[in-house]
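Thanks for sending this one over. Here are some notes to read with the model open beside you.

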Amino acid sequence: MKKKLIFCICCILFCATITFAQTDVTVNKVYKVGIFAPLYLDSAFTGTYYKYGKTFPKFAQPGFDFVQGALIALDSMPLPNGNVQAHVYDSKAYVQNIQWLIGNNKLDSVDIIIGSVKDADYTQLASFAKQKNIPFISATSPSDGGVTNNPFVVILNATLRTHCEGIFSYLLNTHGTDKIYLCRKKGGQEDKMAEYFRSFNEANGKPLLTIETINIDGDYGVIKNKLDSNRTSVFIGASLSEDFANALATTCNDLRTTYPMELIGMPNWESFAGLKKSIIKDLPILYTASFYNAKLDKFSKSIKLAYSKKFKSIPNDLTYKGFESVFIFSRLLTRYPNDMMSHLNEYAYRVFTEYKFKPTFLHKNQQNVPDYFENKQVYLFKILNGKVSKL
């Protein structure tokens, strides 16, 4: 089956040469895909002069890798139901930024937006998608950006609320009779997480689990007073702070030989190098994640080969996310062009991640319109003696 693809590059990605296969153009409908990522081209160039010589600016690497994954997808995916015309936009452009593109009607013909964006860029694209009734796929941000009553927003990277919900489900299934402690420090984010767990636990008016909150204000020794050598104690590290995570893990590690315990952290704990150091031994530390890719499948192998040929290096997770989001949703658009949002869970087949999209209703309205659609599938991982495994 031949692939049908028209591709238009709306920016030059630094000094890299981008190549892709051209294909035949038929009378089939052409679907326009807008791909947004923070490329910082205006920061890297003065006119046509590249500021960084033979080096590559680290601040531009995430956007660059996401776009490279998108390009590989566009160059390789089958499109049986139509043609795709893809445009790449720099979300951090100084002049032709998102506000300028919208104000000058440059995005009016776009059929779908796929973005690795956050903050104001996220909000502007979400608002535009609602105005034009087109899907906006937020591929990497774990935030809802304050979006409400917008049934055209799709969040791939589950929000913190959903991660906490996944942790609660795990506790309900595996630690129903154990002692559970929610450990936190002062902070607005910590207040939100505590409220999430409270709302899940008391959804039916009566607590399902016995969860005690421990407020830690620099003294982690308070944890020892809660332990029982005859029962497993489960600690939820309800904070995104790396210092807090390291201190809590170190405290639990010092007590693990006497008291059976398990420590559960937040999704960003995955990136904390201190939790994988050799000084933390035999203490299981769990965390959740929205994406899982063992990188053993045919897609991963082809991405790695294409990326290494072009750049003589190994792709990172953002490259795979760029590939997956464009591969799935460009094809989904051509398959269900008039009602894609009603078929989010009907993509032809899995690429890396098993998604489970559901409407989210945080703000009630008379029309029963969801605030957005979110991927509710989260994976549970365990760090043990420096090694990470999927549960």
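Is H175 buried or exposed? Point 1 takes that up, and the other points follow from the sheet outwards. Please keep in mind throughout that this is a predicted model.

1. **H175 and its surroundings.** H175 is buried, at a relative accessible area of 8%; the cut-off for that word is under 20%. You will find H175 in the loop that runs between α5 (160–174) and β9. Setting aside neighbours within four places in sequence, H175 has contacts with Y170, I180, L209, V234 and E262. N150 is another matter: 25 residues separate N150 from H175 along the chain, and their C-alpha atoms are 37 Å apart.

2. **The open sheet.** Seven strands make up an open sheet with mixed pairing, and their order is β10-β9-β11-β12-β13-β16-β17. The edges are taken by β10 (211–215) and β17 (387–390); each has a single partner strand, so one side of each has no neighbour in the sheet. On average, and ignoring direction, neighbouring strands here are turned by 25 degrees against each other.

3. **Inside the sheet, and a helix on it.** Strands β12 (residues 261–264) and β13 (residues 285–289) run parallel and are joined by two bridges. Look for I264, which stands opposite L286 in β13. Helix α6 (residues 188–201) packs on the sheet, where it touches β9 (179–184), β10 and β11 (233–237). The direction of α6 makes about 155 degrees with that of β9.

4. **A tilted ring pair.** The model has 20 aromatic pairs. One of them is Y292 with Y379, a tilted pair with 5.8 Å from centre to centre and 45 degrees between the planes. These two residues are 87 apart in the chain, with Y292 in the loop between β13 and α8 (298–311) and Y379 in strand β16 (residues 379–384). How do the two partners sit with respect to the surface, buried or partly exposed? Y292 is partly exposed, at a relative accessible area of 26%, whereas Y379 is buried at 8%.

5. **An edge-to-face pair and its cluster.** For Y320 and F352, the ring centres are 5.7 Å apart and the planes stand at 80 degrees, so this pair counts as edge-to-face. Again, distant parts of the chain are linked: Y320 belongs to helix α9 (residues 317–335), while F352 is in the loop between α9 and β14 (357–360), 32 residues away. Y320 is buried, with 5% relative accessibility, and F352 is buried with 5% as well. Both belong to a cluster in which ring pairs link F299, Y320, F323, F327 and F352.

6. **Lysines over rings.** Two lysines are worth a look while you have the aromatics on screen. K298 lies over the face of F299, with 5.4 Å to the ring centre. K390 lies over the face of Y292, at 5.1 Å from the ring centre.

7. **Salt bridges among partly exposed residues.** Side chains of opposite charge can pair when their charged atoms come close. The count for this model is 11 salt bridges. One of them joins the side chains of R198 and E202, at 3.1 Å from N to O. R198 is partly exposed at 38% relative accessibility, and E202 is partly exposed at 34%. Another joins K226 to E212, at 2.5 Å from N to O. K226 is in the loop between β10 and β11 and E212 is in strand β10, so this pair ties together parts 14 residues apart in sequence. K226 has a relative accessible area of 24%, which makes it partly exposed; E212, at 31%, is partly exposed too.

8. **A network with a buried partner.** E374 and K376 meet through their side chains in a salt bridge of 3.7 Å, N to O. Which of these two is buried? E374 is, at 1% relative accessibility, while K376 is partly exposed at 23%. Through salt bridges with shared partners, E165, E374 and K376 form one network.

Conventions:
Residues numbered from 1 in each chain as written. Predicted model: local features only at pLDDT ≥ 70, side-chain atom pairs only at ≥ 80, totals over all residues. Heavy atoms only, no water. Pairing = 2+ DSSP bridges. Helix = DSSP H or I, 4+ residues; strand = E, 2+ residues; numbered from the N terminus. Axes fitted to C-alpha atoms, helices over the stretch in contact; angles between N-to-C directions. Contact = heavy atoms within 4.5 Å. Phe/Tyr/Trp six-rings, centres within 6.5 Å; stacked < 30°, edge-to-face > 60°. Buried < 20%, exposed > 50% of the residue type's maximum accessible area, 1.4 Å probe, protein only. Lys NZ or Arg CZ within 6 Å of the ring centre and 35° of its normal. Salt bridge = Lys/Arg side-chain N within 4 Å of Asp/Glu carboxyl O.
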